[in-house]
Amino acid sequence: MSERRTRYAGPIARAGVHPHSLIAQGFAEDAALADLLDRYPAELFDINLYDYDDEGQVSLRTGARGRLNGAQLLEAIQQGRLWVNLRDVETGWPELWAAAMAEFKTVEAGYPGLKAVKNAGQLILSSPKARVPYHFDAAGVVLFHLRGRKRIFVYPGDEGHLPERDMEQVVARQTTEELPYTLAFEDDAQVVDLEPGQALTWPLYAPHRVENLDRFCVSLSMDFQTWPSRFRNGALYTNAVLRSRGGSPRQTDRMGQGELALRWAASLALKRTGALKSRIAAYERQFEPEVGATDGAGALKT
Ligand SMILES: [Fe+2]
């Protein structure tokens, strides 16, 4: 199918699956993961626990790294309902990163015109029943799936599913809210069940959510910027500033590359002068991982 699933220009028109060979290299085995968790810097962990109501609306609790050793933390994730994100894989696990970048080059070559200028990665270890809420990333993404099974729902990148006003607020760090979501969006999802050895990519900015399918999951989420995504992110930031000053800026999907580039340049100056302060306060940690506790989430030990 060639139907475009996004209003933004770009070589990736819809979600697509690609093979990769990272599993054969042993990166997702228990012993390797336990070692990694032992040595990974505590400040690079995000530990989340998501709950959903009947309308699919999410609430989030965040956890501290705590004191479990790597093998215990791995067990807590495998038994619980946790979503654990290790940021900065490019420095935190250079061997995996080098192998993943080689795989990325192959995926990139499959989309004529796609040219990443900056890549970054997060290794995600998540519990068998963990689910990630509806959101978008202000970047391209290739999700390399290494272990377990997960179902990815990718939604159209149109104004109805991805309102630019909300994108501006996220890009300018004015809100911790995700995009507005309703169950009615489910009719519009492209649904992909991802198996180990497969990687998924989707159009720049396309909203998505994830459900693990009853197995402990390991994925490397690689995000990347292209010049067009940098320009658009900058334009969204500039628009957020204009809006905060009472303006009603034109939407970026009606701007050509020249106008986007000018707004990106403006965003660099605005950021230098601190035009918008981040309104995202540091999360207060509510639990720490514990083997045998409900959802793998034990009380904080001070
Ligand atoms: Fe994402």
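Visitor: Which residue in β9 is the bridge partner of V154?

Guide: That's Q190, in this predicted model.

Visitor: What makes β8 and β9 count as paired strands?

Guide: Two strands pair if DSSP finds at least two bridges between them. β8 (residues 150-154) and β9 have 5 bridges, in the antiparallel sense, so they qualify under the two-bridge rule.

Visitor: And what makes β6 and β9 the edge strands?

Guide: β6 (131-135) and β9 (190-194) each pair on one side only. The order in this open, antiparallel sheet of 4 strands is β6-β11-β8-β9. From one strand to the next, the twist averages 15°.

Visitor: How do you know whether A15 is buried or exposed?

Guide: Count the neighbours. A15 has 21 other C-beta atoms within 10 Å, and the cut-off for buried is 20 or more, so A15 is buried.

Visitor: Which residues is A15 in contact with, leaving aside its neighbours within four places in sequence?

Guide: V154, Q190, V192, L200 and W202. So the bridge partners V154 and Q190 turn up again, in contact with A15, by the rule that C-beta atoms lie within 7 Å. A15 itself is in the segment before β1 (16-19).

Visitor: On to the helices. Why are α5 and α6 called roughly perpendicular?

Guide: The axes of α5 (residues 164-171) and α6 (residues 227-244) cross at roughly 95°. Angles of 65 to 115 degrees count as roughly perpendicular, so the label fits α5 and α6. Their axes also come within 8 Å.

Visitor: Which residues meet there?

Guide: From α5, M167, E168, Q169 and V171; from α6, N233, L236, Y237, N239, A240 and R243. By class, this contact has 5 nonpolar, 3 polar and 2 charged residues.

Visitor: How do you know the length of α6 agrees with what its 18 residues should span?

Guide: At 1.5 Å a residue, α6 should span 26 Å, and its end C-alpha atoms are 26 Å apart, so the two agree.

Visitor: What do the buried residues of α6 pack against?

Guide: β7 (140-147), α5, β12 (217-226) and α7 (257-272). The buried residues of α6 include P228, F231, L236 and Y237. N233 and A240 are also among them, and both belong to the contact with α5.

Visitor: What follows α6?

Guide: G246, whose phi is positive, near 95°.

Visitor: How far apart are A15 and G246?

Guide: 231 residues in sequence and 37 Å in space, C-alpha to C-alpha.

How values were computed: Residues are numbered from 1 along each chain as its sequence is written. This is a predicted model: local features need pLDDT of at least 70, side-chain atom pairs count only at pLDDT 80 or more; totals for chains, interfaces and linings use all residues. Axes are lines fitted to C-alpha atoms, for helices over the stretch in contact, and angles run from 0 to 180 degrees between N-to-C directions. Helices (H or I, at least four residues) and strands (E, at least two) are DSSP runs, numbered from the N terminus. Angles under 35 degrees count as roughly parallel, over 145 as roughly antiparallel, 65 to 115 as roughly perpendicular and the rest as oblique. Two residues are in contact if their C-beta atoms, placed from the backbone, lie within 7 Å. Ala, Val, Leu, Ile, Met, Phe, Trp, Tyr, Cys and Pro count as nonpolar, Asp, Glu, Lys and Arg as charged, and the others, Gly among them, as polar. The expected span of a helix is 1.5 Å times one less than its number of residues. A residue is buried if 20 or more other C-beta atoms lie within 10 Å of its own, exposed if 12 or fewer, and partly exposed in between; C-beta atoms are placed from the backbone.
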